[in-house]
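Visitor: I would like a close look at a single part of this model. Please take me through it step by step, in plain words.

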Amino acid sequence: MATATTRLCAFLMVFYTCFADDINLIHKPDSAPVRLFTEEELKRYDGSEDGQPIYMAIKGVVFDVTKGKGFYGKGAAYNALVGRDSTRAVAKMSLDPADLTPDTEGLTADQLNSLEKVFEGTYKTKYPIAGYTAARILNPDGSPNRHFQPEPQPQLRTKDEF
């Protein structure tokens, strides 16, 4: 009985989440499900395959930059930034391979300020969020980060590939 109840609850949760916008429900979920990307999974979205979305992460937030294929696609000027978390490179406005990392240690106040402006003013306003890196959602020991909050992006719908 517990198994059937568990399955019914899971089905209702998925149904509720997927169709909340299509049905007049009294209460809608606060946010869409969150997709977690490992480093290996994110590498698959580097723009090298036609028809595959192009993803890049900044501050652990994975953005779907496919509509910017002219900038981020295979052979494009900023292709080095995709398929990974490029936080440091964005902060430094750099394409140096050593900067293609999520590490922000040692960045200057100006670089951190630049990072925040580009993150908020460009990526969050222009590209839908596809998910989050494991480093953003999980603690170093693999347990869930209780302080994790999805980034608000009211002008865009969160990309849903489930």
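How many of the five residues of β4 are buried, and what does that say about how β4 sits in the rest of the structure?

Guide: Keep in mind that this is a predicted model. Now to the strand. Five of the five residues of β4 are buried, so the rest of the structure largely encloses this strand. Buried here means under 20% relative accessible area.

Let us see what lies beside β4. The sheet is open and has four strands, in the order β1-β4-β3-β2. Its pairing is mixed. β1 and β2 stand at the edges with a single partner strand each, so one side of each has no neighbour in the sheet.

Take the β1 side. Strand β1 covers residues 36-37 and pairs with β4 in the parallel sense, over two bridges. At one of these places, F37 has T133 of β4 as its bridge partner.

Now the other side. β3 and β4 run antiparallel and share three bridges. Here F63 is matched with I129 in β4. β3 is covered on both faces. V61 and F63 are buried on one side, and V62 and D64 are buried on the other.

One step further along the sheet is β2. It pairs with β3 in the antiparallel sense, over four bridges. I58 stands opposite V61 of β3. β2 and β3 form a hairpin with two residues between the strands. In that hairpin, K59 takes a positive phi near 55°.

K59 also leads us to a helix. Its backbone nitrogen lies 2.6 Å from a polar atom of the T87 side chain. T87 lies in helix α4. At 1% relative accessibility, T87 counts as buried. Leaving out residues up to four places away in sequence, T87 touches A57, I58, K59, G60, T101, P102, T104 and L115.

Stay in α4 for a moment. A89 lies in this helix too, and it counts as buried at 2% relative accessibility. With residues up to four places away in sequence set aside, A89 touches L81, S94, D99 and L100. The C-alpha atoms of A89 and L115 are 9.1 Å apart, although 26 residues separate them along the chain.

Next comes the packing. In soluble globular proteins, nonpolar side chains tend to be buried together. In this model, the largest nonpolar core has 23 residues. Its members that touch the most other members are M56, I58, F63, V65, Y72 and Y123. The elements that give two or more residues to this core are β2 (55-58), β3 (61-64), α4 (87-92), α5 (109-126) and β4 (129-133). The largest share, four residues, comes from α5. A second, separate core has seven residues, including L42, Y45, A57 and A130.

I58 gives a good view of the contacts. Apart from its neighbours within four places in sequence, I58 is in contact with F63, D85, T87, V90, L115, F119 and Y123. Among these, T87 is the α4 residue we met above, and F63 is the β3 residue whose bridge partner in β4 is I129.

Now step back to the whole chain. Six helices and four strands make up its secondary structure. Along the sequence, the pattern reads α-β-α-β-β-α-α-α-β-α. Of the 162 residues in the chain, 34% are buried. Among contacts with a separation of 6 or more, 57% join residues 24 or more positions apart. The chain exposes about 10300 Å², and carbon and sulfur atoms supply 56% of that area.

Return to β4 to finish. On the sheet, β4 stands between β1 and β3. It gives two or more residues to the largest nonpolar core. Each of its five residues is buried.

Methods: Residues numbered from 1 in each chain as written. Predicted model: local features only at pLDDT ≥ 70, side-chain atom pairs only at ≥ 80, totals over all residues. Heavy atoms only, no water. Core = buried A, V, L, I, M, F, W, Y, C linked by side-chain atoms within 4.5 Å. Buried < 20%, exposed > 50% of the residue type's maximum accessible area, 1.4 Å probe, protein only. Contact = heavy atoms within 4.5 Å. Pairing = 2+ DSSP bridges. Polar contact = N/O pair within 3.5 Å; in protein donor to acceptor, adjacent residues only side chain to side chain. Areas by Shrake-Rupley, 256 points an atom, 1.4 Å probe, with all protein chains shown as cover.
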